[in-house]
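Here is a friendly briefing to read with the model open beside you. Take the topics in any order you like.

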Amino acid sequence: MISVSRLLLGSEHFGDSLRYAKDSCRQTDGTHGGHGPVVVWNITRTCNLKCRHCYSSSEAKKYEGELTTEEGKEFLRDLAQFKVPVVLFSGGEPLIRPDFFELANYARQLGLRVTISTNGTLITPEVAQKIKDIGVGYVGISLDGIGENNDRFRGKKGAFDAALAGIRNCLGVGQKVGLRFTINRHNFNELNDIFDLLEREKIPRACFYHLVYSGRASHMKDEDISHQESRQALDLIMERTEEMHSRGLTKEILTVDNHADGVYIYLKLKEKDPARAEKAWEMLQRNGGNRSGIAIGQVDWYGNVHADQFSQHHTFGNVKERKFSDIWTKPSHPILKGLKNRKPLLKGRCAKCSWLKVCNGNFRPRAEAVYNDFWAEDPACYLTDEEIGLGEQ
């Protein structure tokens, strides 16, 4: 994640303490010294929607073999002992799983910070209150357009209204909530509308995701935005973030799954605010770029361990057979080993890029999806050859 609001404005939020800790870039097994990674736990594959870009290709049906309640609790105990700073409950749709609240409450009792990634359509006022009561730190609700555009993308009429009701229900009980928006060709022109929604509904946070060609989105390579449009998207996100801040509206704005964003923001800051640019540069160096397989990991509904949600075809072990902490810190799989120190393995523009120490090769699943090579250059890097130091080669 790239904190646009932190880099541009210096505003601080919880996640910044993990992203920009002084020793972050030196870690190989966690977010910062003495801690494990942020863990995304997809507790079920079942979902009540059928989104075009779903990395787990979820459907509204039961999937056999998912971790049991007791297996889940044993897994959570290991995460607590590993000092994992955050466990993100995701899916499918996590709120569909009957024991969700039992597992989330147990995680809280163990001292883990719990967050939820959900489509929001099942968050009634009563559900919102239960989420608040067990002490969930944050609820991220996915919207990928306004009104019917979102509904087409998510495969169900009325999904937008239901998700918006879920957001309002969270806000109504004082539960921290935010939007998750995946940028693609079909919703690129609605970025301004999403910022308007943030302001109108008093939503405090938004994460803008770059499209990753994984799962059901494997067919969407041609539905991604162009490099020029990526630059336009970042310009708009920066402009709206600064403009809201100038009017006293404090919003946490982040982009996800493309570390070219950090470099782009830094280069823009150098032009207009060199002092702020230097502070941003220091934070980018602390972060060290993409940290899949280092500071973030994923465990699926079966207990399989992966580098992130988009790399589920590379499995490093199973928590029913071996503790997550052991799998993570004593890697035997070549992909996980490689991710711990990937710079010598990278190819193409990524290998030659002058910003490698603050990008770390960007996002590997996209490279593999396009070039069938996990270590190839990321095709979604929109920085020019001149900007990455290749202009004279």
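What follows is a short tour of selected strands, helices, aromatic rings and polar contacts.

Please keep in mind that this is a predicted model. A good place to begin is strand E2, where five of the five residues are buried. From there the tour moves to helix H4, whose buried residues pack against E2 among other elements, and then to the aromatic pairs, which come to 17.

**Strand E2 and its partners**

- Both faces of E2 are covered: one side carries Val-38, Val-40 and Asn-42, the other carries Val-39 and Trp-41, and all of these residues are buried.
- E2 runs parallel to strand E9 (residues 296–299), and four bridges join the two.
- Within that pairing, Val-39 has Gly-297 of E9 as its bridge partner.
- E2 also pairs with E3 in the parallel sense, again over four bridges.
- Here Asn-42 finds its bridge partner in Ser-90 of E3.
- Together with helix H3, the strands E2 and E3 build a β-α-β unit that is right-handed.

**Helix H4 and its surroundings**

- Helix H4 spans residues 100–109, and its buried residues are Phe-100, Phe-101, Leu-103, Ala-104, Tyr-106 and Ala-107.
- These buried residues pack against three strands and two helices by name: E2 (38–42), E3 (86–90) and E4 (113–118), along with H3 (69–81) and H5 (125–133).
- Two rings of H4 have a charge over them: the charged end of Lys-73 sits over the ring of Tyr-106, 5.2 Å from its centre, while that of Lys-130 sits over the ring of Phe-101, 4.3 Å from its centre.
- After H4 comes Gly-111, which has a positive phi, near 90°.

**Aromatic rings**

- A cluster linked by ring pairs brings together Trp-41, Phe-75, Phe-82, Phe-89, Phe-100, Phe-101, Phe-324 and Trp-328.
- Trp-41 of this cluster is one of the buried residues of E2, and Phe-100 and Phe-101 are among the buried residues of H4.
- By the pairing rule used here, the model holds 17 aromatic pairs.
- One of them is the edge-to-face pair of Tyr-264 and Tyr-382, with 5.6 Å from centre to centre and 75° between the planes.
- Tyr-264 belongs to helix H10 (residues 260–272) and Tyr-382 to the segment after helix H16 (364–371), so this pair ties together parts that lie 118 residues apart in sequence.
- Both Tyr-264 and Tyr-382 are buried.
- Trp-301 and Tyr-302 make another edge-to-face pair, at 6.1 Å centre to centre and 75° between the planes.
- Trp-301 is buried because its relative accessible area is 4%, under the 20% cut-off.
- Tyr-302, by contrast, is partly exposed because its 27% falls between the cut-offs of 20% and 50%.

**Asp-16 and its contacts**

- Is Asp-16 buried or exposed? With a relative accessible area of 5%, Asp-16 is buried.
- Asp-16 lies in helix H2, which covers residues 16–19.
- The side chain of Asp-16 makes a polar contact of 3.5 Å with the side chain of Ser-3.
- That side chain of Asp-16 also reaches the backbone nitrogen of His-13, at 3.0 Å.
- With its neighbours within four places in sequence left aside, Asp-16 is in contact with Ser-3, Arg-6, Ser-11 and Ala-21.

Technical notes:
Residues numbered from 1 in each chain as written. Predicted model: local features only at pLDDT ≥ 70, side-chain atom pairs only at ≥ 80, totals over all residues. Heavy atoms only, no water. Buried < 20%, exposed > 50% of the residue type's maximum accessible area, 1.4 Å probe, protein only. Polar contact = N/O pair within 3.5 Å; in protein donor to acceptor, adjacent residues only side chain to side chain. Contact = heavy atoms within 4.5 Å. Phe/Tyr/Trp six-rings, centres within 6.5 Å; stacked < 30°, edge-to-face > 60°. Lys NZ or Arg CZ within 6 Å of the ring centre and 35° of its normal. Pairing = 2+ DSSP bridges. Right-handed = clockwise from strand over helix to strand, strands pointing away.
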